[in-house]
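This report goes through a set of local features, moving from covalent links to charged pairs and then to the surface. Please keep the sequence and the coordinates at hand while reading.

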Amino acid sequence: MSTFKNTTSSSVIFFLTGVPGLEAFHTWISIPFCFLYAIALSGNSLVLFAIVTQPSLHEPMYYFLSMLSTTDLGLSVSTLVTMLGIFWFNAREISFNACLSQMFFIQLFTVMESSVLLAMAFDRFVAISDHLRYASILTDLKIAQIGVAIVIRGTLILTPMVVLLKRLSYCHSHVLHHSFCFHPDVMKLSCTDTRINSVVGLTALIITAGVDSIFIILSYLLIIKTVLSITSSEERKKAFSSCISHIGAVAVLYILLISLSFVHRFGKGVPPYVHTLIANAYLLIPPVMNPIIYSVKTKQIRRAVLKVLHTTATKN
């Protein structure tokens, strides 16, 4: 019994994995990862700074975009230390409590990403369907309340999932299959019944990404209905164009989520490094692509970012 208790204490050490089968190339693999992290951190920081400092961007749409950039920064930082630590220093050990903390923040920022994209879909619906009342509906106070609700929602949903892992005993191998702590990965190392954990994890996925995706689709069905009722072709084009950046961000997140789900469910015969690379892409590609998508497709963001860069270059 004492050994069993020790395996559930904070003294448990897990061992993270880089890219299975490609350990000899970790230094080379780290180069594109470093490049992606640099883009994610600098791109989102730049967009966030532009929104905060440019009065012309103090509008509901850009406030939601600032939430998305903040979420992407949090998601990138959550995986940065362990991933590059493995590639550069072969630092594979992570304590049980540190693992749970990383897992919680990765899941939290992922849920927040989905929630913010839903809020942005609602923003586009209001802007297109009720343009005259747009500013009065999405006031600064209402946007702040939405932001707080997103954080509280993610925290309340994910806390039980993480806490329940503490009741498990880990008497199997302590080797995880990713370069970060992933809920199903940790759960598989337990030698006790994990059915409750599986149910809670699946429920969390359904009531976050599942519900969010349904409401995002519903929002766009209503947007399409509203846009098609507009008589002017120029106005229809303008309304659709205001949604392109958001559609791109949604597509990046959910295509990667679906790909990851399919690989985990049906990819029994694929090489282990495929699972790892898709899992890494799911966490890293959205923070990389979102600032690029919004900078390229949104003229106001592009101008603000260029203005910030020009001001910085002039000062230097």
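## The disulfide link

In this predicted model, the link of Cys99 and Cys181 is left-handed, with -125° about the S-S bond. The two positions belong to distant parts of the chain, 82 residues apart: Cys99 sits in helix H4 (residues 96–129), whereas Cys181 is placed in the loop between helix H6 (140–163) and helix H7 (183–188). The sulfur atoms of Cys99 and Cys181 are 2.0 Å apart, and this pair counts as a disulfide because the cut-off is 2.5 Å. The count of disulfides comes to one.

Both Cys99 and Cys181 are buried. Two further cysteines can be set beside this pair: Cys34 has 23% relative accessibility and is therefore partly exposed, while Cys243 has a relative accessible area of 1% and is therefore buried.

## Salt bridges

How many salt bridges are there in the model? The count comes to four, and three of these can be described here, including the pair formed by the side chains of Asp123 and Arg124, with a distance of 2.9 Å from N to O. Asp123 and Arg124 are both buried.

Another salt bridge is that of Arg133 with Asp130, whose closest N and O atoms are 2.8 Å apart. Arg133 has a relative accessible area of 46% and so counts as partly exposed; Asp130, at 21%, is also partly exposed, because buried would require a value under 20%. Arg195 and Asp193 likewise form a salt bridge, with 2.8 Å between the closest N and O atoms. Here Arg195 is exposed, because its relative accessible area of 63% is over 50%, whereas Asp193, with 41%, is partly exposed.

## Annotated transmembrane regions

The unreviewed UniProt entry carries the annotation "transmembrane region" for residues 35–52, 73–91, 103–122, 143–165, 199–223, 244–267 and 273–293. Among them, the span of residues 35–52 is 100% helix and 0% strand in the model, and its end C-alpha atoms lie 26 Å apart. Residues 273–293 are likewise 100% helix and 0% strand, with 28 Å between the end C-alpha atoms.

## A buried threonine in helix H11

Thr276 has its place in helix H11, which covers residues 272–297. Is this threonine buried or exposed? Thr276 has a relative accessibility of 1%, and it is therefore buried. When residues up to four places away in sequence are left out, the residues that Thr276 touches are Gly18, Val19, Pro20, His177 and His178.

## A nonpolar surface patch

Which residues form a nonpolar patch on the surface? The patch consists of Phe215, Ile217, Leu218, Leu221 and Leu222, which together have about 470 Å² of accessible area.

One of these residues, Leu222, lies in helix H8 (residues 195–228). With 36% relative accessibility, Leu222 counts as partly exposed, and this value also allows Leu222 to belong to a patch, because patch residues need over 30% relative accessible area.

Technical notes
Residues are numbered from 1 along each chain as its sequence is written. This is a predicted model: local features need pLDDT of at least 70, side-chain atom pairs count only at pLDDT 80 or more; totals for chains, interfaces and linings use all residues. Side-chain values use heavy atoms; hydrogens and water are left out. Helices (H or I, at least four residues) and strands (E, at least two) are DSSP runs, numbered from the N terminus. Buried means under 20% relative accessible area, exposed over 50%, partly exposed in between (1.4 Å probe, protein chains only). Contact means heavy atoms within 4.5 Å. Patches are made of residues with over 30% relative accessible area and no salt bridge: like charges are joined within 9 Å, nonpolar side chains (Val, Leu, Ile, Met, Phe, Trp, Tyr) within 5 Å. Accessible areas come from the Shrake-Rupley method with a 1.4 Å probe; for residues, only the protein chains shown count as cover. UniProt positions are given in the numbering used here, feature names are shortened, and annotations may be inferred rather than shown by experiment.
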